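Please open the model in your viewer and keep the selection tool at hand, since each stop on this tour begins with something to select. The questions along the way are answered as soon as you have had time to look.

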Amino acid sequence: MGEFKVHRVRFFDYMPTAIRAMAFNAHTEKLALGRMDGSVEIFNFADHYFQEKVIPGKDSRSIEALCWVGGRLFSAGLNGEITEYDLENLRPKYSLDAYGGPIWTITSNSQGAHLAIGCEDGTVKLFEVLEESIQFERNLDRQKGRIISLSWHPSGAQIAAGMMDMIRVFDVPTGHAVQRLLVDRGFGGSKSRETVVWSVVFLSDCTIISGDSAGKVQVWDGHTGTLVKTHLVTKWDVLALSVSKDESSVVVGTSEGTVIQFQFIAPTLQQQDKEWVRTRTFKNHTHDVRALAEIETAIVSGGMDTQLVVRPLLEKFDERSYASGLRKIHFPHRNLVSCAKKAGLLLFQFPGQLELWRLGESDGHGKPGDSLPLKRKPEKLLHLKRKGEDHICCSALSSCGGWLAYSTMSSVRLYRLQTDNNDISITKVPKLPKVLRSAHQLCFSSDSSKLFAASSQSSVLIIALSQSECKYVHTLKPKSGSRQPIHLMTNSVDGKWLATANSDCEIHVYNVQKLKLHCIVPVYGSCPSAIGIHPTTNNLINVHADQQIFEYSIVEKQYTDWSRKLQKQGLHNLWLDRDTPVTHVTFNPNNPEQILLHDMHMFCIIDQSLPLPDQKTQFYNQMTLRSLSGQERPSHLHAFKICKTFQDLLSVSLLDDQSLVMVERPLLSITSQLPAPVRQKKFAT
């Protein structure tokens, strides 16, 4: 596999925020997820659950609920605003004050013509969805208490509203309340507390199902306003409900971290009449389950423990497959760490600040696996707070450690760094070119003479850097006319080539010296998750969300022989069955045959000089190789060398001194910083 000195970095205190809301678009198979910090993430469930886009948060933005209308995404929050998002430029398109105080919920009718919001002042407000915006239409009858949850009847003629101690049913054409369903309070001491109807669903047969703070799931007859059945599912709150498309199943999220499924079936073989029966309980969360979506083949859940869980419904699968495995998404599918390979510096990106660290040093030698004594400890050199309310969306550090840049939705900031032994000085570059307003991705050329900034419509701005000034050079534009944002960008060591990848699965290669598009890599159906340009051959390595690997010769504008051989033979099933995408590709200049890549759970070196493994080959063979003699070992070698020694990887880099930097963030470190759960599992309980 090769010997490297390894820096195990665990001082990046990455802490994701809680999941507050989610909405699934069945037509596009995309899930929108809102977090407590106001950020929105878009996952493509048709492409191996890949996180395609991230819209950064803002200090003043609150997200209580999300809603799709066609391909348009809306959110509402306790700041009293409705926001529509620009999914091409990854920013809010506009925000509208609803003038009803904090907004607790937002939902659209099945026709996609109207939005309904529930407000603190007791109003249900209807908005008409226009081509480019939304417009206030009218209020339904005002109530005395806040509107916590809403659900349209599939016909669009009625709306059920969850409140304090009751559910109201509104007739939409007249705006009047036609039913009042009184919700029982809890038992014992909780009888003195108001019951909050956190979630409600309105089915096509006029059945209303509610979940409340007394731990009850209740089934109501919407025609008569009578209670049909009560299921007491928890001592704590029922926070979220979601119904399947065919209305045969409802899933429930509770504040003790359980997800419970109810199905509309006959309770016994002898009975013909169907009723809502509790069938399954899943325990994949430790804290509140705040958001739920039941899709065709799985239950998707998220909450206070920050992880997105995709729990497959196994009866929907005939055989074991990639989609039938339980999936937990903990980390973003993009890089939050920049490495100055020449200077031995690391830049950590947080929503509100950047941290610059100098790696430790050791002059010791030892056997493989030994921990070496430190001559100098890692040192935090800089803590740089962002300006304004907008969160940081991308950042970059030059390989020499002399330049630092970051971008928010509203501005780009560039700094000059000078390090002298233990002293560091930082100088803000005062006048940036006016075209450099914001960026989706930033990177510096390997000689630190240029800054590349990914702008709107898949274009790239080139900024020339010097000690005295920075100057706009050119805008590189794709010929495809794609309007999707760039999420990956890399450049070659010789400074000639720049490669970009966008959400349309397009990879463009530009000639930086001639300032023009060189070629477009043949479009593959899965989104690229990592790209890199080889330092000696200038071949482009691209890895996709479905784990496929391609090598493309930029000079010859075609796939290499190794890539064609790999695709013809096929990748090993154990490689394809991995459930986290490769997020970074780098290379070993001392051994041009080696490609280094990693996902959350493993670090891999692909040696192109060795034979590719077939399905009969033992894929994870490192332990076997150690037990073999030198003569037997060559017959068992193959190209993929996997290391799982390191825990929960956020980044892997190779410094110029041939030492590896492994940035780890153990999940236990994240869970230890969460608030205490309402219920902790104890032995025999």
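Begin by selecting strand β2 (residues 19-25) together with strand β3 (residues 30-35), and you will see two strands that pair in the antiparallel sense over 6 bridges. The model is a predicted one, so what follows describes computed features of that prediction. Within this pair, show Met22 as sticks and look across to β3, where Leu33 stands opposite. Is strand β2 mostly covered or mostly open? Strand β2 is mostly covered, with 6 of its 7 residues buried. Now move to the turn of this hairpin, which has 4 residues between the strands, and select Glu29, a residue that takes a positive phi near 60 degrees.

The next hairpin offers a second turn to examine. Select β4 (40-44) and β5 (50-55), which pair in the antiparallel sense over 5 bridges, and pick out Val40, whose bridge partner in β5 is Ile55. The hairpin that β4 and β5 form has 5 residues between the strands, and His48 in that turn has a positive phi of about 55 degrees. Most residues other than glycine have a negative phi. If you colour by accessibility, His48 appears as partly exposed, with a relative accessible area of 28%. How many residues of β5 are buried? The count is 6 of the 6 residues, so β5 is largely enclosed by the rest of the structure.

One further residue belongs with these turns, although you must move far along the numbering to select it. Asp648 is not a glycine, yet Asp648 has a positive phi of about 45 degrees, and its place is in the loop between β53 (640-643) and β54 (649-654). Is Asp648 buried or exposed? At 12% relative accessibility, Asp648 counts as buried.

Now turn to charged side chains. Side chains of opposite charge can pair when their charged atoms come close. A search of the whole structure finds 20 salt bridges, and the stops below visit some of them.

Select Arg665 and Asp13, which form a salt bridge whose closest N and O atoms are 3.7 Å apart. This pair links distant parts of the chain, with Arg665 in the loop between β55 (659-664) and α4 (667-671) and Asp13 in the loop between β1 (5-9) and β2, 652 residues apart. Which category of exposure does each partner fall into? Arg665 counts as buried because its relative accessibility is 3%, under the 20% limit for that category, whereas Asp13, at 46% relative accessibility, counts as partly exposed.

Next, add Arg8, Arg10 and Glu664 to the selection, and you will have the members of a network of salt bridges.

For a pair of neighbours in the sequence, select Glu137 and Arg138, whose side chains meet in a salt bridge (3.7 Å, N to O). Arg138 is partly exposed, with a relative accessible area of 25%, and Glu137, at 34% relative accessibility, also counts as partly exposed. Then select Asp212 and Lys216, where the closest N and O atoms of the salt bridge are 3.2 Å apart; here both Asp212 and Lys216 are buried.

Leave the salt bridges and show the surface. Which residues gather in a patch of positive charge there? Lys479, Lys514, Lys516 and Lys557 do so. Take Lys516 as the one to inspect: this lysine is found in strand β45 (residues 516-521) and is partly exposed, with a relative accessible area of 48%.

For the last stop, select the 4 strands that form an open sheet in the order β46-β47-β48-β49, with antiparallel pairing. At the edges lie β46 (528-533) and β49 (558-559), each of which pairs on one side only. Inside this order, strand β47 (residues 539-544) and strand β48 (residues 549-553) pair in the antiparallel sense over 5 bridges, and to see one contact between them you can select Asn539, whose bridge partner in β48 is Ser553.

Terms used
Residues numbered from 1 in each chain as written. Predicted model: local features only at pLDDT ≥ 70, side-chain atom pairs only at ≥ 80, totals over all residues. Heavy atoms only, no water. Patch = residues over 30% accessible without salt bridge, like charges linked within 9 Å, V, L, I, M, F, W, Y side chains within 5 Å. Areas by Shrake-Rupley, 256 points an atom, 1.4 Å probe, with all protein chains shown as cover. Salt bridge = Lys/Arg side-chain N within 4 Å of Asp/Glu carboxyl O. Lys, Arg positive; Asp, Glu negative; His and termini not counted. Charge placed at Lys NZ, Arg CZ, Asp CG, Glu CD. Buried < 20%, exposed > 50% of the residue type's maximum accessible area, 1.4 Å probe, protein only. Pairing = 2+ DSSP bridges.
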